[in-house]
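User: Could you take a close look at one part of this model for me, the nonpolar patch on its surface? I'd like to hear what makes it up and how the rest of the chain is laid out around that topic.

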Amino acid sequence: GNLGEIKDGKLDINFEEKDNLLHVSIKDNGVGFDEEVKKSGHKSLSTIITRERLDLLEKRFKIKLGFSITSSMEKMQQAGTQVRFILPMLYS
């Protein structure tokens with residue numbers, strides 16, 4: 001469908017180190033996506049690839065990592081999409 005033009009777009013990116021892990025949060029104030037789309041069974045190729053890469057990192061570093069996507073289309077509430085990662089801190 002046509003999502004229309006988004007005015008006053010905002011993108012917040014936050015990084016936090018906690019327990020030797022990097023917590024990354026990326027949030028926008030766009031229209032979000034409909035929960036029915038999520039329930040339809042459609043799988044995003046980029047999401048599948050991201051989860052596979054995290055699985056490889058989990059095996060290599062023997063630690064549990066995180067990845068989540070949440071979205072809201074509520075016009076009266078704070079709309080948008082948020083992606084969160086929990087990644088190992090790599091030092092060279």
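Analyst: Three residues, Leu-11, Ile-13 and Phe-15, make a nonpolar surface patch of about 340 Å². Bear in mind that this is a predicted model. Take Ile-13 from that trio: Ile-13 sits in strand E1, which covers residues 11-18. Its relative accessibility is 46%, so Ile-13 counts as partly exposed, since that label covers anything between 20% and 50%. As a rule, side chains in a regular strand alternate between the two faces of the sheet. How far can you trust this stretch? E1 has the highest confidence in the protein chain, with a mean of 94, while helix H1 (residues 35-39) has the lowest, with a mean of 55. Over the protein chain the average pLDDT is 79, and 74% of the residues reach at least 70.

Now step back to the rest of the chain. There are two helices and four strands, and read from the N terminus the order is β-β-α-α-β-β. As for the pairing, strand E2 (residues 21-28) runs antiparallel to strand E4 (residues 80-88), with seven bridges joining them. One spot to look at is Lys-27, whose bridge partner in E4 is Gln-82. E4 also pairs with strand E3 (residues 66-72), again antiparallel and over seven bridges. Here you can pick out Ser-71, which stands opposite Thr-81 in E4. On contacts, take those between residues at least 6 apart in sequence: 53% of them join residues at least 24 apart.

For a contrast with Ile-13, try Glu-58 in helix H2, which spans residues 45-61. Glu-58 has a relative accessibility of 16%, so it counts as buried, the cut-off being under 20%. Setting aside neighbours within four places in sequence, Glu-58 touches Ile-63, Lys-64 and Leu-65. So a charged-type name is no guide to the label here: Glu-58 is buried at 16%, whereas Ile-13 is partly exposed at 46%.

What share of the residues counts as buried overall? Of the 92 residues in the protein chain, 21% do. The protein chain exposes about 7,600 Å², and carbon and sulfur atoms supply 53% of that area. That is the setting for the patch you asked about, made by Leu-11, Ile-13 and Phe-15.

How values were computed
Residues are numbered from 1 along each chain as its sequence is written. This is a predicted model: local features need pLDDT of at least 70, side-chain atom pairs count only at pLDDT 80 or more; totals for chains, interfaces and linings use all residues. Side-chain values use heavy atoms; hydrogens and water are left out. Patches are made of residues with over 30% relative accessible area and no salt bridge: like charges are joined within 9 Å, nonpolar side chains (Val, Leu, Ile, Met, Phe, Trp, Tyr) within 5 Å. Accessible areas come from the Shrake-Rupley method with a 1.4 Å probe; for residues, only the protein chains shown count as cover. A salt bridge is a side-chain nitrogen of Lys or Arg within 4 Å of a carboxyl oxygen of Asp or Glu. Buried means under 20% relative accessible area, exposed over 50%, partly exposed in between (1.4 Å probe, protein chains only). Contact means heavy atoms within 4.5 Å. Two strands pair if DSSP finds at least two bridges between them. pLDDT is the predictor's confidence in each residue, from 0 to 100.
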